[in-house]
Amino acid sequence: MEPEPATRDLMFQEEIKDTVRQAYASIETGGGETVARRLYSEQELAEVPPGAVEWALGVGNPVRYALLRTGETVLDIGSGGGIDTILAAHRVGPEGEAIGLDVVEQMLERARGHAAQAGVDGWTEFLEGEMEDIPLQAGSVDVVISNGVLNLSARKSRALAEIFRVLGPGGRISLADLTVEGELPPEVANDQSAWAG
């Protein structure tokens with residue numbers, strides 16, 4: 001039996017990325033209203049169209065703690081249906097910019113439509129790309145937010161390095177995510193579908 005080529009990724013990063021991408025692309029209905037009502041205030045939910053509420057798939061509310069200011073540029077990593085990007089766009093206003101980043105084109109299309117419905121599409125942009133290779137210039141954003149997405153990366157240190165690369169001097173991060181204390185059983189730790197779940 002020949003050993004696998006040296007270029008083989010020991011953590012199966014490409015397979016994990018493909019699994020996550022396929023899992024999120026295959027979601028047919030949002031079903032996130034229950035989650036959204038738990039994480040966002042009624043006032044916040046009134047700022048976004050029902051479709052963005054329905055597609056809320058996060059685990060927290062990073063916009064609430066980001067302390068966004070008018071005129072800032074904010075990057076939402078893993079923007080999904082756009083709820084956090086739209087809330088951020090309302091906070092930074094037309095003098096600023098809200099950028100959503102996602103790997104799933106279907107999510108980007110939904111988010112673009114939701115931003116247009118919310119009336120913030122003039123200063124909101126949605127880009128296809130990976131958090132481990134953000135398609136923005138170094139130092140080009142003031143704030144990075146993310147909601148339940150960093151845990152999906154097989155290369156968290158690379159994703160964090162990219163976040164720091166795109167942040168300008170004095171930049172801020174507001175992340176909501178999941179963590180695991182202790183060791184996962186091998187059958188879970190080695191299950192690619194667990195990365196997307």
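Student: Looking at H6, how many of its 10 residues are buried?
Tutor: Keep in mind that this is a predicted model. Buried here means under 20% relative accessible area. By that cut-off H6 is mostly covered, and the buried count is eight.

Student: Which acidic residue sits in helix H6 (residues 83-92), and is it buried or exposed?
Tutor: The one to look at is Asp 84, found in helix H6. The cut-off for buried is under 20%. Because its relative accessibility is 4%, Asp 84 counts as buried.

Student: What does Asp 84 touch, leaving aside neighbours within four places in sequence?
Tutor: Some partners have lower numbers than the helix: Tyr 40, Pro 62, Val 63 and Asp 76. The list of contacts for Asp 84 is completed by Ile 145 and Asn 147.

Student: How far is the C-alpha of Asp 84 from that of Arg 64?
Tutor: Along the chain, Asp 84 and Arg 64 are 20 residues apart. In space, their C-alpha atoms are separated by 9.5 Å.

Student: Now Glu 72: why does it count as buried?
Tutor: Glu 72 is in the loop between helix H5 (62-65) and strand S1 (73-77). Anything under 20% is called buried. Glu 72 counts as buried because its relative accessibility is 7%.

Student: Which residue's side chain joins that of Glu 72 in a polar contact of 3.0 Å?
Tutor: Not counting residues up to four places away, Glu 72 touches several residues, including Val 92, Asp 142 and Arg 172. Val 92 is also one of the buried residues in H6. The side-chain partner in the 3.0 Å polar contact is Arg 172.

Note on methods:
Residues are numbered from 1 along each chain as its sequence is written. This is a predicted model: local features need pLDDT of at least 70, side-chain atom pairs count only at pLDDT 80 or more; totals for chains, interfaces and linings use all residues. Side-chain values use heavy atoms; hydrogens and water are left out. Helices (H or I, at least four residues) and strands (E, at least two) are DSSP runs, numbered from the N terminus. Buried means under 20% relative accessible area, exposed over 50%, partly exposed in between (1.4 Å probe, protein chains only). A polar contact is a pair of N or O atoms within 3.5 Å; within protein, one must be able to donate a hydrogen and the other to accept it, and residues adjacent in sequence count only if both atoms are side-chain atoms. Contact means heavy atoms within 4.5 Å.
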